[in-house]
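Q: Please take a close look at a single helix in this structure. I would like to know how its residues are placed and what surrounds it.

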Amino acid sequence: MTTFARPAPPPTSTDSASHPTDGTATADTTASARGAHDALTADLALKAAHRAMWATGDYPRLARDLVAPLGPALVAALGVSAGEGVHDVACAGARNAALAAARVGAEVTASDLTPELVDAGRARAEAEGLTLPWRTADVEHLPCDDGQFDVVTSCIGVMFAPHHALAAAELVRICRPGGRIGILAWTPGGFIGRMFAVMRPFAPPPPPGASPPPLWGDEAYVRELLGSGVTDVVSRVATLRVTRFETPQQFREYFAATYGPTIAVRAYAGRQGRGDELDAALDALAADALAADGRTGGGDEAGMDWEYRILTARRAGG
Ligand SMILES: C[S@@+](CC[C@H](N)C(=O)[O-])C[C@H]1O[C@@H](n2cnc3c(N)ncnc32)[C@H](O)[C@@H]1O
């Protein structure tokens, strides 16, 4: 049985400042405590903003309508089996890898930054008769022991944590030596990766140290992130067939109603007087994807193929 054993050890404002080892706080220790405090405050504010962003719209609906096949694909790629301890991080929504792993009998823990989406996942699991712990947690500071899980998964999830190296180190840390890590991420050149590139010029400047999510779909980049913490890296790209949108406008309106990142950037662009320009750019992206499919007449077959990467690896030291 896997449990959330250890509370996250966030740095605190009292570290070193209130407890100097020799009773005399030097200028250096005071400055470094202030720096740590400022960094923590900035990170908490950033995560609060991310939480609010993911809670807007209706991600559970999008998960059900569009991306439901991805979680099972990741679980299948990892060969998860009954009795294994699995942690699905940044798991959100209601159709995900956590549920797919629980269905094969794994002992699953599910965690996500956004409490509203954790609740949606819990409700979906209960509706299926699946019992697993759901936790609110930041993947950059997971409240878990080293090596606690046989398998660590993230399906279009960890890619949205802003500090990639921190998040990658956590995936490796909580996996036992010899265990498996599986990451499914949109590729930079695929449809969703391109959507983020289209939205970037309309978004506020990223906070210091934050990196673009679709980098997690680049094999060389992820190999470097995971570094010597893993062996046996296997990676392949695949596509998700999406036939829900017959026109670019349908795509744009659906994302404007359901998808937190798109809602946030549209709101910002609107405040800058650039809302129409962004909408035109999103429509052009979708028109291009529909045209590439060669079936743009609005018939049953109209669709898009959204590229993603599945990367699996073994935790070194097993
Ligand atoms: C696209 S949704 C994920 C979907 C889910 N894994 C699925 O397969 O449908 C991205 C998720 O990442 C979560 N997330 C973003 N930043 C995070 C962080 N720092 N730590 C944990 N979860 C995070 C969001 O709350 C959101 O639920």
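A: The answer below looks at helix α5 and then at its surroundings.

The model is predicted. Its protein chain contains 11 helices and 7 strands. Of the 318 residues in the protein chain, 42% are buried. Where contacts in the protein chain join residues at least 6 apart in sequence, 76% of them link residues at least 24 apart.

Helix α5 covers residues 115-127, which is 13 residues. At 1.5 Å a residue, α5 should span 18 Å, and because its end C-alpha atoms are 18 Å apart, the expected span and the model agree.

Which residues of α5 are buried? They are L117, V118, A120, G121 and A125. These residues lie on the same side of α5, because the arc they cover around the axis is only 160 degrees. In general, an α-helix has 3.6 residues a turn, so residues three or four places apart point the same way. On the other side of α5, the exposed residues are A123, E126 and A127.

What do the buried residues of α5 pack against? Their partners are the helices α1 (27-55), α2 (59-65) and α4 (97-103), together with the strands β2 (107-112) and β3 (134-136). After α5 comes G129, with a positive phi near 75 degrees.

Next is the nonpolar core. The largest nonpolar core of the model has 85 residues. The residues with the most contacts inside this core are A90, A98, A101, V158, L171 and L184. One of them, A101, touches V75, V80, V86, D88, A106, V108 and T153, when residues up to four places away in sequence are not counted.

The ligand has 24 residues around it, and the ones that come nearest are A90, A92, L113, T114 and A161. The shell around the ligand consists of 15 nonpolar, 6 polar and 3 charged residues. Helices α1, α2 and α3 (70-78) each supply at least two residues of this shell. Of these helices, α1 and α2 are also among the elements that the buried residues of α5 pack against.

Three single residues complete the picture. A42 is placed in helix α1. A42 is partly exposed, because 13 other C-beta atoms lie within 10 Å, and a residue with 12 or fewer would count as exposed. Along the chain A42 and P208 are 166 residues apart, yet 9.9 Å separates their C-alpha atoms.

T258 belongs to helix α9, residues 248-258. Is T258 buried or partly exposed? T258 counts as partly exposed, because it has 19 C-beta neighbours inside 10 Å and a buried residue needs 20 or more. The C-alpha atoms of T258 and P60 are separated by 8.5 Å, although the two residues are 198 residues apart along the chain. Apart from neighbours within four places in sequence, T258 is in contact with G57, D58, Y59, R61 and L62.

S228 sits in the loop between α8 (219-226) and β6 (230-242). S228 counts as exposed because it has 8 C-beta neighbours inside 10 Å. From C-alpha to C-alpha, S228 and V172 are 10.0 Å apart in space, and they are 56 residues apart in sequence.

To return to α5, its buried residues are on the same side, while A123, E126 and A127 are exposed on the other side.

Technical notes
Residues numbered from 1 in each chain as written. Predicted model: local features only at pLDDT ≥ 70, side-chain atom pairs only at ≥ 80, totals over all residues. Core = buried A, V, L, I, M, F, W, Y, C linked by C-beta atoms within 7 Å. Contact = placed C-beta atoms within 7 Å. Helix = DSSP H or I, 4+ residues; strand = E, 2+ residues; numbered from the N terminus. Expected span 1.5 Å × (residues − 1). Arc of directions from axis to C-beta. Near = placed C-beta within 6 Å. Nonpolar A, V, L, I, M, F, W, Y, C, P; charged D, E, K, R; others polar.
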